[in-house]
Amino acid sequence: MKHEHVALREPPAAPTRSVGERTPLVDGIDKVSGRARYTADLPASGALVGRIGRSQVAHGVIRGIDTRAALALPGVRAVITGEDFAAPYGVIPIAQNEWPLARDKVRYRGEPLFAVAAVDAATAEAALAAVVVDIEELPALFTTEAARAPGAPLLHDNKPGNIERQVEQDFGDVDAGFAAADLVLEREYDCAEISHGQIELNSTLALWEPEREWLTVQSVTQVPYYLHLTLAQTLNLDSARIRVIKPFVGGGFGHRVEPLNFEMVAAALARAAGGLVRLELTREEAFITHRARPATRSRIKIGMTKSGEITALEAEVVQRGGAYAGYGLVTILYAGALLHALYRLGAVRYRGFRVYANLPPCGAMRGHGAVNVRFAVESLLDEMAERLGLDPFALRRANLIGPLPHRTLNDLQVNSYGLPQCLDAVEKASDWHARRGRLPAAPGVRRGLGMACSHYVSGSAKPVHWSGEPHAVIHLKLDFDGGITILTGASDIGQGSNTLLTQVVAEVLLLPMSRIRVVATDSALTPKDNGSYSSRVSFMVGNAALRAAENLKRVLVDAAARRLGVTADEIEWAGESCGVVGTDRMLDFAQCVQAALAETGTLMIKGTWSTPPETQGGKFRGAAVGSTAGFSYGAVVVQVAVDEDTGQVTVEQLWVAHDCGRAINPLAVEGQVQGAVWMGMGQALSEQTQHHEGLPVRANLLDYRMPSIVESPPIHVSLIESMDPLGPFGAKEASEGGLHAVPPAIAAAIHDALGLRLAQTPFTPDQVLDALHARRREDKLAAARRARQAAPGAGATTTASTEA
């Protein structure tokens, strides 16, 4: 067979490298220029206005909802109740006990009861006011103590004691571990409930086409696939009749990692009205929708040798989960599972209780399940280090994991472990040994340094909905224009996943990123993806993109080889060109594309990835939760200043080292680590949701105090690249694991400054002042006792009288 000599039309461009480059986000210009359209920005000419009517009581039996007067109002197109839905929902298939609109009972104040669609907002508000609701009020339970009390009314008849999930796990001989310890300490820690604080308000645009009975939903979700399933279930629709599209999303942090009631409500209103409905929630409604980190009480007991080795750990964790299941059983399992895999532990006993209460449901939030318990464990480790005369860094180093791969007591697999390097990095950057205990003080202001460690998963090794399908799928489309389109169901919610996928594909093909565009999260166009949660996208979808790019490269190389009359092994790929090794016979990229499309036309190349079986956890009940293909690791040092007159704690500097495996985009990774740290500061210093008789009292971003740029200190980020053997180009999680260490590091810094150990978050000025005043009272009593003991002739009667 004769092959003609093929020459390049232009001199070849050098191969382009993308991985490891500091790259602005591919959608950054759209966002900063205002071109990005979020759900509330979408054009919707003629859309009806949706509104939700909510319960005014926290617990009660629904005796009736009379909608006749509302339906009779001019301009009202639909009024729906819980009876308009076919089934309850919940993100966990075995824990679905919530209706989009309450049926039979209401279980928290603000729970959706009915909804209306009208021609304008004023008419919709009038329709809400016209609905008559009859509820027989029941006793409400707002604390875990009240909910677990004997004889307490049940929120759900099938959940005795108001326990959603009780976990009992024992690994190793815990009692023997405590017996072998030189020091055993037990403490209790409380973490307040907090909220996500995402900037974008909740919004859904739903279109029902009555002629075809098709439903199109555009919403703020992080999990379009789970929303798709839930719409089909609650509306009793064939999934093929549903299309779910995720526009730009302005932050989620876990608020949107489960289908939310307003999304089903908007869809049901659209069907009832036979058209287009826009449903937007207020900030207060976002707080009531909630799904954030639960109030948690942790009792921690640790045994330790004189050299700092942990011989045993016991944890009892009680979470107030709110009115419905949601992610609850996963959250309480995470709290126990992630006691492991950070340090080497001699033995572990875990008891977890997820408790119902008449409050908005809690759910997943950045660092899901592990943040509050890590605060407790790290705080106790810091206290034990002081008791044993050990430096906190030395204590952590006494419990490092190794060799790799390492199997934990609860059957989690650790394949890469950059914690030693993280410790080294922040110890050096903060000048720990020279500065700790020696920071300059000012009148009424004390300073201190504290440190802590953390870790997190790079996606759950088993998905919520186990179907046997790959964990991640990517399609690459290549057509006549030479452009490559990444088709992905993965949700970019601001974390930069579209940019990461572009970099991965560009790196494999050695092409400039300008040749690549991303089309994401449209169920009619893109492959299914489980969603953006548990930091799964970089690891799982990144691997699928890598495989898809390798498959496309193989097709292109084979086509070039055919055109040049050689074998594929003889082709040297250089991105914008390729050629026969040792010759000047070359093709440019356009010619390679032309050769690849010959006879077949447009190419659609697939890449898939699933977690290896050895990373999917053990065989005991709940073993899948906490399992992952790659753990990230981190260490934090914090410098604080504490005003002794006001109790105000100010973080002055923070050093964080994060083991991200490989920084595919160092610029984005640093930003994600800084964001995690910032949220950890908020939880530590100021954030808490509070309720009065079930009503949120901080349901706005003025009263709910998140740190602003004014309170944000310099955050010094060191990236540690441990090169995970399973991650794409070695990459792992980067956006959650840095959070967990911040609250305990701040607590340790406060102790270094004041000598006080705070066991309750947030560390508000009131709490700090209360602790200072309590210590001053104790100091005065102790001084008085010493004076009495030193006084000649002091008797027992006088001492008793004075103390009384």
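Two strands count as a pair here if DSSP finds at least two bridges between them; keep that in mind, as the tour ends at a hairpin. One more thing before you click: this is a predicted model.

**Start with the whole chain**

Show everything as a cartoon. You're looking at 20 helices and 31 strands. The radius of gyration is 29 Å, close to the 28 Å that the globule rule gives for 804 residues, so the chain is as compact as a globular protein of that length. Turn the view along the principal axes and the C-alpha atoms fill a box of roughly 120 × 75 × 50 Å.

Now switch on a surface. About 30500 Å² is exposed, with carbon and sulfur atoms supplying 51% of that area. As for what's hidden, 60% of the 804 residues count as buried. If you draw contacts between residues at least 6 apart in sequence, 80% of them join residues at least 24 apart.

Try colouring by charge next. There are 78 positive and 88 negative side chains, and the centres of the two sets sit 2 Å apart.

**Zoom in on a sheet**

Hide the rest and pick out an open sheet of six strands, in the order β7-β15-β14-β13-β8-β31. Its pairing is mixed. Strands of a sheet pair through backbone hydrogen bonds, either parallel or antiparallel.

Which strands are at the edges? Select 163–171 for β7 and 760–761 for β31: each of these pairs on one side only.

**Walk in from β31**

Add residues 183–191, which make up β8. This strand and β31 pair in the parallel sense, over two bridges. Click Asp190 and look across to β31, where Gln760 is its bridge partner.

On to β13, residues 295–304. β8 and β13 are antiparallel, paired over nine bridges. To see one spot along that pairing, select Arg187, which stands opposite Ile300 in β13.

Is β13 mostly enclosed or open? Eight of its ten residues are buried, so this strand is largely enclosed by the rest of the structure.

**Finish at the hairpin**

Select 310–322 to bring in β14, which runs antiparallel to β13 and is joined to it by ten bridges. Here Met304 stands opposite Ile310 in β14.

Last stop: the turn. The hairpin of β13 and β14 has five residues between the strands. Click Gly308 and check its backbone: this glycine takes a positive phi near 100 degrees.

Technical notes:
Residues are numbered from 1 along each chain as its sequence is written. This is a predicted model: local features need pLDDT of at least 70, side-chain atom pairs count only at pLDDT 80 or more; totals for chains, interfaces and linings use all residues. Side-chain values use heavy atoms; hydrogens and water are left out. Helices (H or I, at least four residues) and strands (E, at least two) are DSSP runs, numbered from the N terminus. The radius of gyration is taken over C-alpha atoms; the globule rule is 2.2 Å times the number of residues to the power 0.38. Buried means under 20% relative accessible area, exposed over 50%, partly exposed in between (1.4 Å probe, protein chains only). Contact means heavy atoms within 4.5 Å. Accessible areas come from the Shrake-Rupley method with a 1.4 Å probe; for residues, only the protein chains shown count as cover. Lys and Arg count as positive and Asp and Glu as negative; His and the chain ends are not counted. The place of a charge is taken as NZ of Lys, CZ of Arg, CG of Asp or CD of Glu.
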